[in-house]
Amino acid sequence: MKTLIITDVQHDFMPGGALGVPHANEIIPIINALIPHFEHVIATLDWHPENHVSFASTHGKKPGEMFGTQILWPDHCVQNSHGANLVAGLKKEKIEAIFHKGTDPDVDSYSAFFDDARHRATGLDEYLEKHKLRDLYFVGLATDYCVLYSVLDALELGFSVSVIRDACRAINLHPLDEQRALETMRAGGAKFVFSKDFLGKEKSRSPIL
Ligand code: VGL
Ligand code: ZN
């Protein structure tokens, strides 16, 4: 059954937010229009404790600097803060389950399935297996981080994986990050589709990519 996975559509990732993703607000109406076309809808949340390892402030450094292999970010998506909430404009009624990632203070987690050290599972894989949901469609933020790593894990776990391209946005710390992420996902076996493939003649506000 077709399952929509709404990745990290949280206030802090909206333009003007703590870790604003350019044009992230544009995907909200697209996702809302897509939701009725899916049997199952799941959301993920970036959900960090204060002083998380991925926060530059934790190390007295600046966002964009490194801590080992970890890129450091501004403080974002702190558990139970306003910025960590799903965005107000997102239709939430059909979201049947929410999975939290990045909860370990010492390990970051871009993937919605496992933390980067692969020590801890979020429960998403188990949930999908239990409900026999094999056909996954990813939308959300950010194409070059959470979407990328979630898609790669989903492919490795044997799911059928599609990315709804115009319903994702990238951070693009480096201008080619989005393109590289898309190439990596395609090479791993992900399919690319567009919101118009679901919405048909229904008016979709998707920009042409
Ligand atoms: C993400 C950077 C830091 C994401 C999360 O969800 O793509 N990116 N934390
Ligand atoms: Zn994060």
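These are my notebook entries on a predicted model with two ligands, one of them a zinc ion.

**Ground rules**

I number residues from 1 along each chain as its sequence is written, and chains are lettered from A and ligands numbered from 1 in the order in which they are written. The model is predicted, so I keep to local features with pLDDT of at least 70 and to side-chain atom pairs at pLDDT 80 or more, while totals for chains, interfaces and linings use all residues, and side-chain values use heavy atoms, with hydrogens and water left out.

**Entry: the zinc ion**

I began with ligand 2 and asked which protein atoms serve as its donors. I found D46 (OD), H48 (NE2) and H76 (NE2), at 2.0 to 2.2 Å from the zinc ion. A donor here is an N, O or S atom within 2.8 Å of the metal (3.2 Å for Na, K and Ca); water is not among the atoms, so a site may look incomplete.

Along the chain I read the donor spacing as D-x1-H-x27-H. H48 sits in the loop between β2 (40–46) and β3 (66–67), and H76 in the loop between β4 (70–71) and β5 (95–101), so I noted a pair 28 residues apart that links distant parts of the chain. For the element names, helices (H or I, at least four residues) and strands (E, at least two) are DSSP runs, numbered from the N terminus.

Why is the arrangement irregular? The 4 donor atoms subtend angles of 88 to 169° around the zinc ion, and that makes it so. The rule I used: four donors are tetrahedral if all angles lie between 85 and 135 degrees; four are square planar and six octahedral if opposite donors are over 155 degrees apart and all others between 65 and 115; anything else is irregular.

I also checked burial, and both H48 and H76 are buried. Buried means under 20% relative accessible area, exposed over 50%, and partly exposed in between (1.4 Å probe, protein chains only).

**Entry: ligand 1**

Next I listed the surroundings of ligand 1 and got 13 residues, the closest being D8, D46, H76, A142 and C146. To be listed, a residue needs a heavy atom within 4 Å of the molecule. D46 and H76 turn up here as well as among the zinc donors.

Then I went through polar contacts (pairs of N or O atoms within 3.5 Å; within protein, one must be able to donate a hydrogen and the other to accept it, and residues adjacent in sequence count only if both atoms are side-chain atoms). A side-chain N or O atom of D8 is 2.5 Å from an oxygen atom of ligand 1. D46 places a polar side-chain atom 3.0 Å from a nitrogen atom of ligand 1. A142 contributes a backbone N or O atom, 3.1 Å from an oxygen atom of ligand 1.

How much of ligand 1 does the protein bury? Taken alone, ligand 1 exposes 260 Å², and the protein buries 99% of that. Accessible areas come from the Shrake-Rupley method with a 1.4 Å probe; for residues, only the protein chains shown count as cover.

I took a second look at D8, which lies in the loop between β1 (2–7) and α1 and is buried at 2% relative accessibility. A polar atom of the D8 side chain is also 3.4 Å from the backbone nitrogen of D46.

**Entry: backbone oddities**

A142 is in the loop between β6 and α3 (143–156), and a cis peptide bond joins L141 to A142, with omega about -15°. Most peptide bonds are trans, and most residues other than glycine have a negative phi. I noted a positive phi for N51, near 60°, and for N80, near 70°. N51 is in the loop between β2 and β3 and is exposed at 56%; N80 is in the loop between β4 and β5 and is exposed at 67%.

**Entry: aromatic rings**

I counted 9 aromatic pairs. Rings of Phe, Tyr and Trp (its six-membered ring) pair if their centres lie within 6.5 Å; planes under 30 degrees apart are stacked, over 60 edge-to-face and the rest tilted. F38 and Y137 have ring centres 5.3 Å apart and planes at 65°, so I logged the pair as edge-to-face. F38 is in the loop between α1 (27–34) and β2, and Y137 in strand β6 (residues 135–141), so the pair ties together parts 99 residues apart in sequence. F38 is buried at 2%, and Y137 at 11%. I also noted that ring pairs link W73, Y110, Y145 and Y149 into a cluster.
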